[in-house]
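Trainee: I have a new model open and I don't know where to begin. Can you walk me through it?
Mentor: Sure, let's look at it together.

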Amino acid sequence: MAYNKKELETKVQTLGQLMEGHKYDEAWTLTGEISSIVKSNKDTMTGTEYEIVNDITKNFYGINRQLQSVNKRAFAMGKKAQAVQL
């Protein structure tokens, strides 16, 4: 995909909206698109543009790992609570 600064900016802003709205599956897909654009256009982006967008994608993937961990813990807690017999 050719680098279009405005299009990338819009995608990053949309990612922010998805995260704010807790739409993590959609955010995952969009982050993949953003990451792909950054990787294939690293040489045509300014250093600042690259750093900003690369940091956002790295932060997303870090947060996603944390969310997965919380989901696993919540699932395990739910199973344990279901097994309780008083």
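Mentor: One definition before we count anything. Helices here are DSSP runs of H or I with at least four residues, strands are runs of E with at least two, and both are numbered from the N terminus. Keep in mind too that this is a predicted model.

Trainee: Okay. How many helices and strands does the protein chain have?
Mentor: There are 3 helices and 0 strands in the protein chain. Read from the N terminus, the order of elements is α-α-α.

Trainee: And what radius of gyration does the protein chain have, next to a compact globule of 86 residues?
Mentor: The protein chain has 17 Å, while a compact globule of 86 residues would be near 12 Å. The box tells you about the outline. Along the principal axes, the C-alpha atoms fill roughly 65 × 20 × 20 Å.

Trainee: What share of the residues counts as buried?
Mentor: The figure is 26% of the 86 residues.

Trainee: What about contacts between residues far apart in sequence? What share do they make up?
Mentor: Take the contacts with a separation of 6 or more. Residues 24 or more positions apart account for 59% of them.

Trainee: Let's zoom in. Where is Thr 31, and is it buried or exposed?
Mentor: Thr 31 sits in helix α2, which covers residues 24-41. Thr 31 is buried, because its relative accessible area is 0% and the cut-off for buried is under 20%.

Trainee: Which residues does Thr 31 touch?
Mentor: Leave out residues up to four places away in sequence. Then Thr 31 touches Leu 15, Thr 57, Phe 60 and Tyr 61.

Trainee: Which backbone oxygen does its side chain reach?
Mentor: That of Ala 27, at 2.7 Å from the side chain of Thr 31.

Trainee: Staying in that helix, what does Trp 28 contact?
Mentor: Trp 28 also lies in helix α2. Setting aside neighbours within four places in sequence, Trp 28 is in contact with Phe 60, Tyr 61 and Asn 64.

Trainee: Why does Trp 28 count as partly exposed?
Mentor: Its relative accessibility is 44%, so Trp 28 falls between the 20% limit for buried and the 50% limit for exposed. Here is a distance to try in the viewer. Trp 28 and Thr 48 are 20 residues apart along the chain, and their C-alpha atoms are separated by 23 Å.

Trainee: And Ser 35? Buried or exposed?
Mentor: Ser 35 counts as buried, at 14% relative accessibility. Ser 35 is in helix α2. Beyond the neighbours within four places in sequence, Ser 35 is in contact with Thr 57 and Tyr 61.

Trainee: One more there. Which backbone oxygen lies 2.8 Å from the side chain of Asn 41?
Mentor: The backbone oxygen of Ile 37 lies 2.8 Å from a polar atom of that side chain. Asn 41 is found in helix α2. Asn 41 is buried, with a relative accessible area of 8%. Now look along the chain to Val 84, 43 residues away from Asn 41. The two C-alpha atoms are separated by 54 Å.

Trainee: New topic. Where is His 22, and what is its phi?
Mentor: His 22 is in the loop between α1 and α2. Its phi is near 60°, a positive value in a residue other than glycine. His 22 is exposed, with a relative accessible area of 57%.

Trainee: What about pockets? What volume does the largest pocket have?
Mentor: About 170 Å³. Its lining divides into 6 nonpolar, 1 polar and 3 charged residues. Among the lining residues are Tyr 3, Lys 5, Glu 49 and Ile 52.

Trainee: Which helix gives the most to that lining?
Mentor: That is α1, with 5 residues. Both α1 (5-20) and α3 (47-82) supply at least two residues each.

Trainee: Gln 13 is highlighted in my view. Where does Gln 13 lie?
Mentor: Gln 13 lies in helix α1, and Gln 13 is also one of the residues that line the largest pocket. Gln 13 is partly exposed, with a relative accessible area of 46%. The C-alpha atoms of Gln 13 and Ala 74 are separated by 30 Å, and the two are 61 residues apart along the chain.

Terms used:
Residues are numbered from 1 along each chain as its sequence is written. This is a predicted model: local features need pLDDT of at least 70, side-chain atom pairs count only at pLDDT 80 or more; totals for chains, interfaces and linings use all residues. Side-chain values use heavy atoms; hydrogens and water are left out. Buried means under 20% relative accessible area, exposed over 50%, partly exposed in between (1.4 Å probe, protein chains only). A polar contact is a pair of N or O atoms within 3.5 Å; within protein, one must be able to donate a hydrogen and the other to accept it, and residues adjacent in sequence count only if both atoms are side-chain atoms. Contact means heavy atoms within 4.5 Å. On a 1 Å grid over the protein atoms alone, a cavity is a set of points where a 1.4 Å probe fits but cannot get out, and a pocket is an open set with protein on both sides within 12 Å along at least five of seven lines; lining residues have an atom within 4 Å of a point. Grid points are joined across faces, edges and corners, and a volume is the space filled by probe spheres set on the points. Ala, Val, Leu, Ile, Met, Phe, Trp, Tyr, Cys and Pro count as nonpolar, Asp, Glu, Lys and Arg as charged, and the others, Gly among them, as polar. The radius of gyration is taken over C-alpha atoms; the globule rule is 2.2 Å times the number of residues to the power 0.38.
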